Amino acid sequence: MNEPDAKAIGMKRLKMDIKIELTKPFIITEGISGTWFYHISKKNNFVRSLCGKPTMKTSLTFRSWGIKTHLNERYCEKCFGLALNEMW
Ligand SMILES: [Zn+2]
């Protein structure tokens, strides 16, 4: 059997994620109300989201975009749409 090496694929995926993370002009930011409402901002202007809301820095990466936990995170659809238009 020629099964693809799952570990090798995992590493490749991880490297790709890191590359995207480093090269994309956007970061995930959080609305200043601090209620786990996430927006997307330009890397050089993290105090305002693409949709125009005041934001602050967060450690969240794009790999976590859309993931919901018990904190009931919410993600700004408007920012996501605007980022998609510019990036992909
Ligand atoms: Zn937004």
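**A tour of the sheet and a loop serine**

Read along its sequence, the chain in this predicted model follows the pattern α-β-β-β-β-α. With the whole chain on display and coloured by secondary structure, you should find two helices and four strands. If you then colour by burial, buried residues account for 16% of the 88 residues in the chain. Should you prefer a contact view, consider the contacts between residues at least 6 apart in sequence, of which 51% join residues at least 24 apart.

Next, select the four strands together, which form an open sheet with mixed pairing, in the order 3-1-2-4. The edges of this sheet are strand 3 and strand 4, each of which pairs on one side only.

Now narrow the selection to strand 1, residues 26-31, and strand 2, residues 37-42. These two strands pair in the antiparallel sense, and five bridges connect them. For one position along this pairing, pick isoleucine 27, which stands opposite serine 41 of strand 2. Then follow the backbone through the hairpin that links the two strands, where five residues lie between them, and stop at glycine 34, whose phi is positive, near 70°.

Keep strand 2 selected and add strand 4, residues 74-75. Here the two strands run parallel and are joined by two bridges. Which residue of strand 4 is the bridge partner of phenylalanine 37? Selecting arginine 74 shows that partner. Moving on to tyrosine 38, you will find that its bridge partner in strand 4 is tyrosine 75. While you are looking at the side chains here, it may help to recall a general point: in a regular strand they alternate between the two faces of the sheet.

For the last stop, leave the strands and select serine 64, which is placed in the loop between strand 3 (55-57) and strand 4 (74-75). Why does serine 64 count as partly exposed? The reason is that serine 64 has 14 C-beta neighbours inside 10 Å, whereas a buried residue would need 20 or more and an exposed one would have 12 or fewer. Finally, add isoleucine 28 to the selection and draw the C-alpha to C-alpha distance from serine 64, which comes to 9.6 Å, although the two residues are 36 residues apart in sequence. Isoleucine 28 lies within the span of strand 1, residues 26-31, which brings the tour back to the sheet.

Definitions and conventions:
Residues are numbered from 1 along each chain as its sequence is written. This is a predicted model: local features need pLDDT of at least 70, side-chain atom pairs count only at pLDDT 80 or more; totals for chains, interfaces and linings use all residues. Two residues are in contact if their C-beta atoms, placed from the backbone, lie within 7 Å. Two strands pair if DSSP finds at least two bridges between them.
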